[in-house]
Amino acid sequence: ITVTLGFTNGTTTNGDYTTTPVVVTFLAGATTATATVATTEDAIAESTETFTVGITSSTGTVGSTTDTATGTITDNDNAPTVTIGDATIAEGGNLSFPVSLSNPSATDITVTLGFTNGTTTNGDYTTTPVTVTFLAGATTATATVPTTQDAIDELDETFTVAITSTTGTVGATTDTAIGTILDDDNAPTVTGITASSATEGVDRKSVV
């Protein structure tokens, strides 16, 4: 007797296992056989997935062939770790922080970033938290933070970026990054000194 098995996806997709029908043969007198179905190794963090196995055809004399079984694929990938890269821009520009997942997820993930001043003050950049979204399967995103253009000559300034919250299943979220704002203003020039005179013995004064 030969029995052909076919497969119906439950929470699986066709890429999760080999969907080619499998034929098993019972030699005369035998009552057991094994159908082997290969699964796919990937790096995607996902839930345990299942599919249904049913009998699609047979040869030889058999009775009922309505029985089904469930194939279960257990995920072996860790939830993705979130990392943030440093960013530098001249004041007035937008800082672009690269945000990455260590491996893709089968579901969407959002990451919210908050900011802590170092040598910056709140007026040096937009301090509103930024949320980035990783669609299922994606591993890279960008968080954009506008900076403020001013006319003040000052040192380059920095602040820290950290992950304040997430949605979706993730691993470590402790990574931080540094945003650096480069000053683009010249040191002030002293001008407008005018001559003055005074009687000897009286301090001379200049007007600036």
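**Close-up 1. Tyr17, a buried ring in a loop.** In this predicted model, Tyr17 has a relative accessibility of 3%, so this residue counts as buried. A search through the whole structure turns up seven aromatic pairs. In one of these pairs, Tyr17 meets Phe7 edge-to-face, with 6.0 Å from centre to centre and 85 degrees between the planes. What does this pair tie together? Phe7 belongs to strand β1, while Tyr17 sits in the loop between β1 and β2, so the pair links parts that are 10 residues apart in sequence. Phe7 is buried too, with a relative accessible area of 17%; the limit for that label is under 20%.

**Close-up 2. Tyr125 and Phe159, a stacked pair.** Here the rings of Tyr125 and Phe159 are stacked, 3.9 Å apart from centre to centre and with 5 degrees between their planes. Where in the chain do the two partners come from? Tyr125 lies in the loop between β8 (109-117) and β9 (130-134), and Phe159 is part of strand β11 (residues 157-167), so their pairing ties together parts 34 residues apart in sequence. Are these two residues buried or exposed? Tyr125 is buried at 3% relative accessible area, and Phe159 is buried at 1%.

**Close-up 3. An aromatic cluster.** Take a step back from the stacked pair, and two further residues join the picture. Phe97 and Phe115 form one aromatic cluster together with Tyr125 and Phe159.

**Close-up 4. Two nonpolar cores.** In soluble globular proteins, nonpolar side chains tend to be buried together. How many residues does the largest nonpolar core have? This core has 24 residues, and Phe97 and Phe159 are those with the most contacts inside it. Several strands contribute: β5 (82-84), β7 (94-101), β8, β9, β10 (140-146), β11 and β12 (176-182) each provide at least two residues of this core. There is also a second, separate core of nine residues, and among them are Val3, Leu5, Phe7 and Tyr17. You have already met Phe7 and Tyr17 as the edge-to-face pair of the opening view.

**Close-up 5. Asp16 and its contacts.** Back in the loop between β1 (2-9) and β2 (22-25), we find Asp16. Is Asp16 buried or exposed? Its relative accessible area is 8%, so Asp16 counts as buried. Which residues does Asp16 touch, once its neighbours within four places in sequence are set aside? Asp16 is in contact with Thr39, Thr40, Asp42, Glu46, Glu49 and Ile73.

Key: Residues are numbered from 1 along each chain as its sequence is written. This is a predicted model: local features need pLDDT of at least 70, side-chain atom pairs count only at pLDDT 80 or more; totals for chains, interfaces and linings use all residues. Side-chain values use heavy atoms; hydrogens and water are left out. Helices (H or I, at least four residues) and strands (E, at least two) are DSSP runs, numbered from the N terminus. Buried means under 20% relative accessible area, exposed over 50%, partly exposed in between (1.4 Å probe, protein chains only). Contact means heavy atoms within 4.5 Å. Rings of Phe, Tyr and Trp (its six-membered ring) pair if their centres lie within 6.5 Å; planes under 30 degrees apart count as stacked, over 60 as edge-to-face and the rest as tilted. A nonpolar core is a set of buried Ala, Val, Leu, Ile, Met, Phe, Trp, Tyr and Cys residues joined through side-chain atoms within 4.5 Å.
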